[in-house]
Amino acid sequence: MRTSSCALPLLLARGAQSFASPFLSRNLAGGRQLRGDAGRKESGLFDLPPETAVLEDVSTSSAETAVSGGADDGPSASFNPPSGGSGTVVIAEDSEFVKSDPDQRAYRAVTLPNKLTVLLASDPETDSEAAAVHVRAGHFDDPKDRAGLAHFHEHMLFLGTEKYPGEDDYEDFLGKNGGTSNAYTDMEDTNYYFNVSPLNHGGEKSDGGTSEALEGALDRFAQFFISPLFDESMLERELRAVNSEYLNGRTQDNWRSFQLMKHGASHDHPFSKFGCGNYETLTNGGDATLEKEGEKEGEVEQIAFGGGSSPRTALIDFWTDKYHAGNIRLCVIGRASLDDLQKSVEKTFGSVRPPPPGFVANGIVDQIKAGILKKR
């Protein structure tokens, strides 16, 4: 969890969480949240668009095995959106959304060619533009030997990508555009969000379009889900940051009560997992206080990972397994028209890896559709 004081991106993050909810998907499929003809009612937000030749090619390309590299290589993502037409499938237009009378925003739900589902909201009067990504992966998905990995992974995504390698590139851009960012890791979900002011530093665009601030932020944000670095040189510092969260949490009664409840749960259930993590669990037995004599007399140095092991390979494996378009939902709100917002999303998030062949999300609706679970 990071720090932020802006309400809009948090509300949008909650919206992304609702948008990603299998229960909302069920409501959509039943026509209770969207207006539309009988044919549209059979289609929910988690339905995938019809297969195309492009998508079939992707499923047999290197994109399906965009796996982490070795010790010096970060995860790779090689999906290229189709050229020519956008290939984006519209799930629902504005007229199909049930809105309150005061709500003057326009909405559109779409699925990109990489099968990323997106909710767009156009509000010409807003003074804060924002976006949120909701990922169906939380600390329930932590490996047994790396308790807290999902939480640590959330921290590391902010610290540089291939396109924007500086650890402060993302935050600096937001700051220059009156924005903030935050994220949180939950049991089954992780959410990332930001807001910016609708700024165009070269003056107002004559053709309208998405603001420079929002498009630039989306470009940097999308790289979290395309090509993060997981820089080895930053691991030690961020491990200690997570450990500090753990130490601070131990003094809070609500945190202690929650941990006691988890400890009393069946250890065969993921609820019992230690979601925050600390230095010891994330380094598989490392000791944050372990030191050795330095080269100079009287000098001491920290032992790498406290004598434990680097979590970098585990981070890359977690990202590769969980952070693809089938496990992600995106929400964006801006002053631009829905068409312009859609173009910006296609341009920035269109290269997120598609889900692997045969992927079935872990939502109840998804499992029923795949025949894994049966309706009662």
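This briefing describes the overall make-up, the nonpolar cores and one helix pair of the structure above. The model is a predicted one. Its protein chain contains 13 helices and 9 strands, and 48% of its 376 residues are buried.

**Chain as a whole**
- Of the contacts between residues at least 6 apart in sequence, 73% join residues at least 24 apart.

**Nonpolar cores**
- In soluble globular proteins, nonpolar side chains tend to be buried together.
- The largest nonpolar core comprises 57 residues.
- Within this core, the residues with the most contacts are Tyr192, Phe194, Phe221, Phe225, Val332 and Phe349.
- Helix H7, spanning residues 212-222, gives the most to this core, contributing 6 residues.
- Separate from it is a second core of 10 residues, among them Ile91, Ala109, Leu119 and Ala121.

**Packing of H7 against H12**
- Two packed helices are described by the angle between their axes and the distance between the axes.
- Helix H12 covers residues 338-349 and packs with H7 at an angle of about 30°, the axes lying 9 Å apart.
- Because angles under 35 degrees count as roughly parallel, H7 and H12 are roughly parallel to each other.
- The two helices, H7 and H12, cross in a right-handed sense.

**Residues at the H7–H12 contact**
- From H7, the contact involves Leu214, Glu215, Leu218, Asp219, Phe221 and Ala222.
- From H12, the residues met are Leu341, Ser344, Lys347, Thr348 and Phe349.
- By class, this contact has 6 nonpolar, 2 polar and 3 charged residues.
- Phe221 in H7 and Phe349 in H12 take part in this contact, and both are listed among the residues with the most contacts inside the largest nonpolar core.

Conventions:
Residues are numbered from 1 along each chain as its sequence is written. This is a predicted model: local features need pLDDT of at least 70, side-chain atom pairs count only at pLDDT 80 or more; totals for chains, interfaces and linings use all residues. Side-chain values use heavy atoms; hydrogens and water are left out. A nonpolar core is a set of buried Ala, Val, Leu, Ile, Met, Phe, Trp, Tyr and Cys residues joined through side-chain atoms within 4.5 Å. Buried means under 20% relative accessible area, exposed over 50%, partly exposed in between (1.4 Å probe, protein chains only). Helices (H or I, at least four residues) and strands (E, at least two) are DSSP runs, numbered from the N terminus. Axes are lines fitted to C-alpha atoms, for helices over the stretch in contact, and angles run from 0 to 180 degrees between N-to-C directions. Angles under 35 degrees count as roughly parallel, over 145 as roughly antiparallel, 65 to 115 as roughly perpendicular and the rest as oblique. A crossing is left-handed if the near helix is turned anticlockwise from the far one by less than a right angle, and right-handed if clockwise. Contact means heavy atoms within 4.5 Å. Ala, Val, Leu, Ile, Met, Phe, Trp, Tyr, Cys and Pro count as nonpolar, Asp, Glu, Lys and Arg as charged, and the others, Gly among them, as polar.
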